[in-house]
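The exercises below concern one protein chain. Work through each task with the sequence and the coordinates at hand before reading the solution.

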Amino acid sequence: MKATTQIVLSAFILIQLSCFSSKLTAHKNNASSQKNNKIKVYTTAENTNWKLSLSNDLISNNNSTQQKTSTVSIIVNTEKTDQTFLGIGGAITDATAEVFARLSPKKQKEFLNAYYDKKNGIGYTLARTNIHSCDFSSESYTYIAEGDKDLRTFTIDHDRKYRIPLIKKAIETAGGKLTLFVSPWSPPAFMKDNNDILHGGVLLPEFAPSWALYYAKFIKAYEKEGIPIWGLTVQNEPMARQSWESCIYTPEAERDFLKNHLGPTLEKEGLGSKNVIIWDHNRGDMLEKRANLVFSDPEVSKYAWGIGFHWYETWNGGPPQFESVAKVHEAFPNKNLIFTEGCIEKFDAKKYQFWGNAERYGINMINDFNNGTAAWTDWNILLDQNGGPNHVGNFCFAPIHADTTEDELIITPMYYYIGHFSKFIRPNAKRVLETISDKSLLSTSFKNSDGQLITIVMNQSEKEIVYSLENQNIKNTITIPAHAIQTIVY
C-alpha cells in the first residue's frame, strides 16, 4: 500500500512538473513572439515578388526550427548620433509635369499616391524644381521679355499650365507640406557674355543685381500661388558647359555673387530665411574648390545653409567620391550637405527592370547618409516612354515612367530602393552610428523623433547573407536574399 502511494505521488509530481515546463515553454515562446512583434522587416529582392514587402519570416528566431548562424554583425549605437535628417524626394520638372498632364485622372492619382502618400506610397517629403527652363523642358524659355533688365515683364504664366498644378497636388498628397527648393540652369541670354541661354557662358557683372532680384521674384510669385519655397541653389552645375541651359561660375564668382548680390537681395526682399545651397554639382573636390572658400568667409557663409552635390563624377570612369562628402562634413559640421540630383543616364527602355540601376541608388544613398548628408533628391520623378521630353535629346531614366500611349505607369526597381529610405526615415530623424563586421553588406541607421529605429541593409552579392542586428535592447538574426535591400523597423 505504501509503495502504491509513492508511485501515485511520483506520478503526480511528474505531471505537475510537466505542466509547469509546458507553461514555461509557452511563456518563453510568447515572450520571444512579443519581442519579435516589435520588429518589422521589409524586403525588396531581385527575382522575387518582394517589393517593399513585410517579410518577418526572414527573422530566423521567429521559428525555432529555422535557427541560422549569422556571418555578419551590425551593431547600432543609439547613444551616438550625427546629422539631422531633412527629407528625401525628387525633382518636379517641366518634363515631369507635361507627362503627368497626359495621364488619365485615375493614373494621376495612382502616381501621386505612389510618391507622396506615406501609407500607400513611399512618403516623399522633399522636392526640387527649376527656375525657368532646363534641359527637361520642351523648349527654352524665361519669365521676362529678352532685354528686360528691370524685370518689368516678369511673370510665371508659363508654369501655371503644367508645373504649378502638379506641385500643388504633390503638396496636398504629402499631407499639406513639402520641402521645396529651386534651382536656375541659366540666366536669360542677354545677361550672359555669350548672349545664349545654352552652352555655358558667364553672368555679366552689370546684370548681377537683376539676376539676384529674379530669384526673389520667382520665390515670391510661387509663394503667392500657395507654394512655399524652403530654399534655393545658386546655380545648377556651375562648372559644366552644356548643350542645354547652363552658366559657369568659378568658385570666386559664386562666392562674390552670393556675398554681394544674392544674399543681400534676398534679405532686402524679406526672404532672408530662405536656405541657400552652394555648388549643386558633382562630389569631386567640394571641400577644396567650394566649401573652404565660402564657409571660411563669415561675410558670405552667413548666407549659406549648406552645400549640394550630384553623383555624375563617375562620368570619367572613376568611382563615386564619397570621401569628398565626408571631408566637408568633418571640416564644417555646422553646415549641411544635400544631394541635389542624380539619375541613371542614357535611357534604354530595355533596362526598365535592370536591377543594377536600383543598386546604384542604394549604394549612393547609404554612403551619402553615412558621410553626413541630411537630404537626398532624385532627378525627374516621372518621364515618358522615351525618357523625356527633353529639348536637347538628353534622355534618361526616372523611377517611374509613363507610357502615355497606353496610359500606363512603369514602376522600376529604383522606386522601391528609394522607398526603403523615404517611407521609413522621417524628417527630423537623427542618424545613429553603427558598426558592421563585414563589407559584404552596406547599412545605415536612423532614429525617428518618436524613438523608432530604422536600419537599412543592402546585399549586392549573388548569395543570401545571414546577419545579426543588435543594439542595447535587442538582437535578431535576419536573412537578406541575394541582390536585395531591407528596412528594419524596431
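**Exercise 1: a backbone outlier**

Task: In which loop does Leu-52 lie, and what is the sign of its phi?

Solution: Leu-52 belongs to the loop that joins β1 to β2 (53-54). The model is a predicted one. In this model the phi of Leu-52 is near 55°, which is positive although the residue is not a glycine.

**Exercise 2: a peptide bond**

Task: Is the peptide bond from Gly-388 to Pro-389 cis or trans, and where does Pro-389 lie?

Solution: Start with omega, which is near 5° for the bond from Gly-388 to Pro-389; the bond is cis. Then place the residue: Pro-389 is in the loop between β12 (383-384) and β13 (400-403).

**Exercise 3: dividing the chain**

Task: Give the bounds of domain 1 and domain 2, and compare them with the features that UniProt lists.

Solution: Step one is the division itself. Domain 1 is made of two segments, 40-81 and 433-489, while domain 2 covers 87-426. The centres of domain 1 and domain 2, taken over C-alpha atoms, are 32 Å apart.

Step two is the record. An unreviewed UniProt entry lists "domain: Glycosyl hydrolase family 30 TIM-barrel" at residues 87-425. Residues 87-425 are 34% helix and 17% strand, with 8 Å between the end C-alpha atoms. The unreviewed entry also lists "domain: Glycosyl hydrolase family 30 beta sandwich" at residues 429-488. Residues 429-488 are 0% helix and 63% strand, and their end C-alpha atoms are 15 Å apart.

**Exercise 4: the interface**

Task: Describe the interface of domain 1 and domain 2 by its contacts, its buried area and its polar pairs.

Solution: First count the contacts, taking heavy atoms within 4.5 Å: 23 residues of domain 1 touch 17 residues of domain 2. Next take the area. About 1,900 Å² is buried between domain 1 and domain 2, and carbon and sulfur atoms give 74% of this.

For the polar part, the count of salt bridges between domain 1 and domain 2 is zero. Eight residue pairs are in polar contact across the interface, both residues at pLDDT 80 or more. On the side of domain 1 that touches domain 2, the elements giving two or more residues are β1 (40-45), β16 (441-447), β17 (453-459) and β20 (484-489). β20 provides the largest share of that side, with five residues. Sorted by class, this side of domain 1 holds eleven nonpolar, ten polar and two charged residues.

**Exercise 5: one residue and its partners**

Task: Which residues beyond four places in sequence are in contact with Lys-80?

Solution: Locate the residue first: Lys-80 is part of strand β3 (residues 72-84). With neighbours within four places set aside, Lys-80 is in contact with Arg-431, Val-432 and Leu-433. By contrast, Tyr-115 is 35 residues from Lys-80 along the chain, and the C-alpha atoms of the two are separated by 31 Å.

Conventions
Residues numbered from 1 in each chain as written. Predicted model: local features only at pLDDT ≥ 70, side-chain atom pairs only at ≥ 80, totals over all residues. Heavy atoms only, no water. Domains from an automatic or database assignment. Buried area = accessible area lost by both parts, 1.4 Å probe. Salt bridge = Lys/Arg side-chain N within 4 Å of Asp/Glu carboxyl O. Polar contact = N/O pair within 3.5 Å; in protein donor to acceptor, adjacent residues only side chain to side chain. Helix = DSSP H or I, 4+ residues; strand = E, 2+ residues; numbered from the N terminus. Nonpolar A, V, L, I, M, F, W, Y, C, P; charged D, E, K, R; others polar. UniProt positions renumbered as here; feature names shortened; annotations may be inferred.
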